Amino acid sequence: MYVLLYTILAGLAILPLFLYLRNPYFTQELRYTVTCILLGLRINRIKRSKPFYSMLDCFLDKVKKHPNKQFIVFEKSSYTYRDVDKQSNKLARALSQHASVKEGDTVALFMGNEPMYVFIWLALAKLGCTAALLNYNIRSKSLLHCFTSSLIQRELRGAVEEVLPTLREQSVRVFVLGEEEEKCVTEGVNTLSSSRIQQASDQPLDPQLRSKVTLKSPALYIYTSGTTGLPKAAVITQERLYMASSMQAISGVASDDVIYIYLPLYHTAGFMMGLTGAIERGNTVVLRRKFSASNFWDDCRKHKVTVIQYIGEIMRYLCNSPKKDNDRHHKVRLALGNGLRADTWSEFLQRFGDIRVCECYGATEGNVGFINYIGKVGAIGKEHFLHKANFSYVLIQYDTEREEPVKDSRGFCIKVPKGETGLLVAKITAQAPFSGYANNQQQTDRKKLRDVFVKGDLYFNSGDLLRIDHEGFVYFMDRIGDTFRWKGENVATTEVTEHLIMVECIEEANVYGVKIPGHEGRVGMATIKLKDDMEFDSKATLEHVKTSLPSYARPRFIRIQNSLAVTGTFKHMKVKLAEEGFNPAMMQDRLYYLEDSKGYIPMTQEMYHSISDGKIHL
């Protein structure tokens, strides 16, 4: 009997070693499995709850649970959960009384990161409205394309006034958040003054004001650039908002954590993974207007930040900042984000200490995502049996030159074997819906692939090329089509092209992204054909791109050719041009570089080497 007991005990003692040898990620896999099961049960309870339990209700529960806990810390001010609740009540009443905002309306927010952004969103939610989150960098035609109903605009009034005539035609009301009541001299622009807001009652609003909101109701419109070249409003339903907000829970963020949010709140990352994720957890948000490499760690130390968000470029900026003796003196334990290159990842950990990096992947409008819960450097995620059971995704062969999936003899797509690169597609189901873009059925349909493996099936086309290795780790390889990323933003080549050909001297333009050593993403470059008997007008080109495009979308390099190569279907050929890049030695064509202080100037071999070596920063 004792021999049997000792044998059992010995077996139990070596069981962890056996499991580790079979699967070195067993502990992380087990923890992730338990987290997903618990989260799944909670979300299912929310889906079945009556009346519907929204993210606003989640916030109100946190107000009841810890009213005096800090929710937002911003510059020299701080707001408790109760403070934010009362401020949003005041705003909701002011919007209802003075702007006639009511359930079912869509209100666009055109403003930067500040507490008022959060107050307004909560106020709109309390009125049963949908918030459209506008990128405050966009201008003219792009900005006009975004407006669907009402606009609440702050400090960026000049950008809105450019398109006011068209807004008036569309009956779009514009309200400027002002410090005091002022008589607007511009027709179509009204003021919502601070005095009117503060005079309103801070008492709770009647839930019946949002009684028609359901799980499938749009909670947000978040604008994303795509192949059309103009921002498209991705529909974020209440259900999708909950799913994205759960990323903090999956990553191990707790209610006593302090999260640092400097990414723009008009982005999915800043708003859904950051702000509403913090609400779901009930933690404290340190909010900053915009990223600052020089102040980043000082802010983290000052506010005892434990969780940070990032995009790949941010980590590179931090690694490139001057080294200090106190680089490791902070309380940050977790970094959550996407787009982190393997070399920057390793350098970041080596310099700033033992910080768990939780890399993830997903598109604003997409129906599938991944998370690297293991922490393997370079991977954007890892496959998991629970994930595969709920989301039917696959990598298929894709012809990058023809820009279309490869088909077999029967006309169906072909799965790529493990270890090879393919286009990520995900089956559209009730469990994994694709809500598409608001008022844009054409672009919604373009993101769908039909008859992928059998007649009648329907898949979401992610537009991304990924690779999955034999251990199930997922790696991002590239983006396809007319969009590339630079400075953490999507750049649509067709939009840039449309603006370039408006310059008097340019007849035709082909825009694409080129890689820069040591940088994530691709920087914009354009190959152009000039009109007959005209020379390149660098000054006019500079003035036009400055007024019509955000800084990240402006081509940094312009190449001039006598004619632009096209395919048999008259599509511009980009691959060869992108491979040749901006190296003057690779071409006989004239080449120009956009220098911040001088505009477009002739590109030299010396400048090329300085950019490649990092001496000239882009």
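This is a short tour of a predicted model, stop by stop, with a selection to make at each one.

**The whole chain**

Start with everything shown as a cartoon. The chain holds 21 helices and 30 strands. Now colour by burial if your viewer allows it: of the 618 residues, 54% are buried. Contacts across the sequence are worth a look too. Among contacts with a separation of 6 or more, 67% join residues 24 or more positions apart.

**Stop 1: the approach to helix H3**

Select Lys50 and Pro51 and show them as sticks. The peptide bond running from Lys50 to Pro51 is cis, and its omega is near 0°. Pro51 sits in the loop between H2 and H3, so to speak on the road to our next selection.

Move on to Ser54, together with Leu56. Ser54 caps the N-terminal end of H3. You can check this with a distance label: a side-chain oxygen of Ser54 is 3.3 Å from the backbone nitrogen of Leu56.

**Stop 2: helix H3 and what covers it**

Select residues 55–65, which form helix H3. Which residues of H3 are buried? They are Met55, Leu56, Asp57, Cys58, Phe59, Lys62 and Val63. Asp57 and Lys62 are part of that buried set, so give their side chains a glance as well.

Next, bring in the surroundings. The elements covering the buried residues of H3 include helices H2 (26–48), H4 (81–98) and H5 (115–126). Strand E1 (70–74) is also among them, as are helix H10 (238–245) and helix H12 (268–281).

**Stop 3: H3 against H5**

Hide the rest and keep H3 and H5. Two packed helices are described by the angle between their axes and the distance between the axes. For this pair, the angle is about 115° and the axes are 10 Å apart. H3 and H5 are therefore roughly perpendicular to each other. The crossing of H3 past H5 is left-handed.

To see who makes the contact, select these residues:

- from H3: Met55, Leu56, Phe59 and Leu60
- from H5: Trp121, Leu122, Ala125 and Lys126

Colour that selection by residue type. In this contact, 7 residues are nonpolar, none is polar and 1 is charged.

**Stop 4: Thr130 in strand E4**

Select Thr130, in strand E4 (residues 130–133). Is Thr130 buried or exposed? Its relative accessible area is 8%, so Thr130 is buried. Its side chain reaches the backbone oxygen of Pro218, at 3.0 Å.

Expand the selection to the neighbours. Beyond four places in sequence, Thr130 is in contact with Asp105, Thr106 and Val107, and with Pro218, Ala219, Leu220 and Tyr221. Before leaving, draw a line to Ile236: the C-alpha atoms of Thr130 and Ile236 are separated by 9.6 Å, though the two residues are 106 apart along the chain.

**Stop 5: Thr364 in its loop**

Ile236 turns up again here. Select Thr364, in the loop between strand E14 (356–362) and strand E15 (369–371). Thr364 counts as buried because its relative accessibility is 17%, and the cut-off for buried is under 20%.

What does the side chain of Thr364 make a polar contact with? Its partner is the side chain of Thr268, at 2.7 Å. Leaving out residues up to four places away in sequence, Thr364 touches Ile222, Ala234, Ile236, Arg240 and Thr268.

**Stop 6: Asp299 and Lys304**

Select Asp299 in helix H13. With a relative accessible area of 13%, Asp299 is buried. The side chains of Asp299 and Tyr260 are joined by a polar contact of 2.6 Å. Apart from residues up to four places away in sequence, Asp299 touches Tyr260, Arg288 and Val305.

Now select Lys304, in the loop between helix H13 (296–302) and strand E12 (307–311). Lys304 is not a glycine, yet its phi is positive, at about 55°.

**Stop 7: helix H18 and Asp533**

Select residues 493–500, helix H18, which is mostly covered: 6 of its 8 residues are buried. These are Thr493, Glu495, Val496, Thr497, His499 and Leu500.

Finish at Asp533, in the loop between strand E27 (523–530) and helix H19 (538–548). Asp533 is another residue other than glycine with a positive phi, near 65°. Asp533 is exposed, with a relative accessible area of 84%.

Conventions. Residues numbered from 1 in each chain as written. Predicted model: local features only at pLDDT ≥ 70, side-chain atom pairs only at ≥ 80, totals over all residues. Heavy atoms only, no water. Buried < 20%, exposed > 50% of the residue type's maximum accessible area, 1.4 Å probe, protein only. Helix = DSSP H or I, 4+ residues; strand = E, 2+ residues; numbered from the N terminus. Contact = heavy atoms within 4.5 Å. Polar contact = N/O pair within 3.5 Å; in protein donor to acceptor, adjacent residues only side chain to side chain. Axes fitted to C-alpha atoms, helices over the stretch in contact; angles between N-to-C directions. Parallel < 35°, antiparallel > 145°, perpendicular 65-115°, else oblique. Left-handed = near helix turned anticlockwise from the far one by under 90°. Nonpolar A, V, L, I, M, F, W, Y, C, P; charged D, E, K, R; others polar.
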